Amino acid sequence: MGKDLENFKQRLSLLDYLQQQNWVARPAGHGHEFVGLCPLHQEIRPSFYVNARKNLFYCHGCGQGGDLLRFVQLSRHLSFRQSLAYLEQQSAPPTDPADVLEQVATFYQQQLDRYPEALCYLKQRGLHDPALIRELRIGYAPGGSLRRHLTAQGYSFDLLQRLGLLNSKGHDAFYQRVVFPCCRGGRIVNLYGRSIGVAFAHRFLPGSKGGLYTWEQVQYCPEVILVEGLFDYAVLWQAGFRHVTCSLGTHLNACQLQQLCDRPRTIYLTFDVDANGSGQQASQQLAHRLQAQGIATRHVLLPDGQDPNSFFVQGGDAQQFRSLLEAAQP
Ligand SMILES: [Zn+2]
């Protein structure tokens, strides 16, 4: 420990740390000495000296002195151990959020089989093919165990909270939700969670939902079916339609529009047919925007009050859906 601590302290520059905390200094005589106002007590004439080579400070006003660890203890009112932990965290290399999300997705995937209620929910939504569930990496957040799992792997509570994975109490933000990872270029950029009860709304992590779902698999298809929800996507995939993608809502972001318009193709718009007509309206607006970019569009008309998911759940089959595609009007 003693030797590790010395190495650790040598890696961190006291002067750099102070300057990050906005300490203003001027050289004092020799090359390695700097002086400025003391951050540890109130003063108007600078009496706080730092020797950059020795990595030490001394204040002639309040008489405090020592190394960086001592400075952190005094300035942040922390114990020796707490100061050490604080500095270790400060100097840790930044974590890539995609790496954390990869761990989370794997963990939730492993949970799915252990909770019959989650599998039962998937079945109710028409998802029964284990190959589909594996391929889409669908998981389940039972709640309560993600924090323990990830902090044991060295991720800080603070980071997990910042990413929106845990709430302020440390509970899973995706509590009792089925979870779909959303990828871009093979990296997970967000998670979509759908509550298996009725009490909670569906949710994403803060930040962008990314591009179109599994766009890489369909980007060269001359005809693409566009649906708004992941359960719509999943049942179509299961029924053998592989030229399908999902916008995760009826409002497309700039990245998603750009993807649809990057080459000539025909888009089969398959949004929900809801009673208030909002799906139809969104579908019309999107069609105009795509046509303006030279993209052909067809409106797939589902039976009243249905979306692709309910169409299949209520007994519709691939042949019937194919007929709807053939009947789709520009
Ligand atoms: Zn002082």
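Trainee: What percentage of the 330 residues in the protein is buried?
Mentor: Keep in mind that we are looking at a predicted model. A residue counts as buried here when its relative accessible area is under 20%. Of the 330 residues in the protein, the buried share is 46%.

Trainee: How does the radius of gyration of the protein stand against that of a compact globule of 330 residues?
Mentor: The C-alpha trace spans about 85 × 45 × 35 Å along its principal axes. For a compact globule of 330 residues, one would expect a radius of gyration near 20 Å. The protein instead has a value of 28 Å.

Trainee: How many helices and strands does the protein have?
Mentor: Contacts between distant parts of the sequence are a good companion to this count. Among contacts between residues at least 6 apart in sequence, 56% join residues at least 24 apart. As for the secondary structure, the protein has 15 helices and 13 strands.

Trainee: Which residues are the protein donors of the zinc ion?
Mentor: The donor atoms lie 2.1 to 2.3 Å from the zinc ion. In sequence, the spacing of the donor residues is C-x2-H-x17-C-x2-C. The residues are Cys38 (SG), His41 (ND1), Cys59 (SG) and Cys62 (SG).

Trainee: What geometry does the site of the zinc ion have?
Mentor: There are 4 donor atoms, and the angles among them run from 98 to 123 degrees. Four donors count as tetrahedral if all angles lie between 85 and 135 degrees. The angles of 98 to 123 degrees fit that range, so the site is tetrahedral.

Trainee: Is Cys38 buried or exposed?
Mentor: It helps to look at another donor too: His41 has a relative accessible area of 24% and is partly exposed. Cys38 has a relative accessibility of 7%. Since buried means under 20%, Cys38 counts as buried.

Trainee: How many disulfides does a search of the whole structure find?
Mentor: Take Cys246, which is buried, with a relative accessible area of 0%. Its closest cysteine sulfur, in Cys182, is 8.0 Å away from the sulfur of Cys246. A disulfide needs two cysteine sulfur atoms within 2.5 Å, so that pair is too far apart for a bond. For the whole structure, the number of disulfides found is 0.

Trainee: Where does Leu248, with its positive phi, lie?
Mentor: Phi of Leu248 is near 55 degrees, a positive value in a residue other than glycine. At 8% relative accessibility, Leu248 is buried. Its place is the loop between strand E11 (244–246) and helix H12 (254–260).

Trainee: Is Gln176 buried or partly exposed?
Mentor: Gln176 sits in the loop between helix H9 (157–162) and strand E7 (177–184). Phi of Gln176 is near 55 degrees, a positive value in a residue other than glycine. The relative accessibility of Gln176 is 30%, and the partly exposed class lies between 20% and 50%. Gln176 is therefore partly exposed.

Trainee: How far apart in space are Gly197 and Arg177, C-alpha to C-alpha?
Mentor: Gly197 belongs to the loop between strand E8 (187–195) and E9. With a relative accessible area of 42%, Gly197 is partly exposed. Gly197 and Arg177 are 20 residues apart in sequence, and their C-alpha atoms are separated in space by 8.2 Å.

Trainee: Which residues does Thr214 touch, not counting residues up to four places away in sequence?
Mentor: Thr214 is in the loop between strand E9 (203–204) and helix H10 (215–218). Its relative accessibility of 17% makes Thr214 buried. Beyond those sequence neighbours, Thr214 touches Tyr233 and Val244.

Trainee: Which residues is Leu205 in contact with, leaving aside neighbours within four places in sequence?
Mentor: Leu205 is found in the loop between E9 and H10. At 6% relative accessibility, Leu205 counts as buried. Its contacts are Leu101, Leu163, Gly164, Leu165, Phe174, Asn190 and Leu191.

Trainee: What separates the C-alpha atoms of Val273 and Asp317?
Mentor: Val273 lies in the loop between strand E12 (266–270) and helix H13 (278–292), and Val273 is buried, with a relative accessible area of 9%. Its contacts outside four places in sequence include Leu302 and Pro303. Val273 and Asp317 are 44 residues apart along the chain, and the separation of their C-alpha atoms is 18 Å.

Key. Residues are numbered from 1 along each chain as its sequence is written. This is a predicted model: local features need pLDDT of at least 70, side-chain atom pairs count only at pLDDT 80 or more; totals for chains, interfaces and linings use all residues. Side-chain values use heavy atoms; hydrogens and water are left out. Buried means under 20% relative accessible area, exposed over 50%, partly exposed in between (1.4 Å probe, protein chains only). Donors are N, O and S atoms within 2.8 Å of the metal (3.2 Å for Na, K and Ca); water is not among the atoms, so sites may look incomplete. Four donors count as tetrahedral if all angles lie between 85 and 135 degrees; four count as square planar and six as octahedral if opposite donors are over 155 degrees apart and all others between 65 and 115; anything else is irregular. Helices (H or I, at least four residues) and strands (E, at least two) are DSSP runs, numbered from the N terminus. The radius of gyration is taken over C-alpha atoms; the globule rule is 2.2 Å times the number of residues to the power 0.38. Contact means heavy atoms within 4.5 Å.
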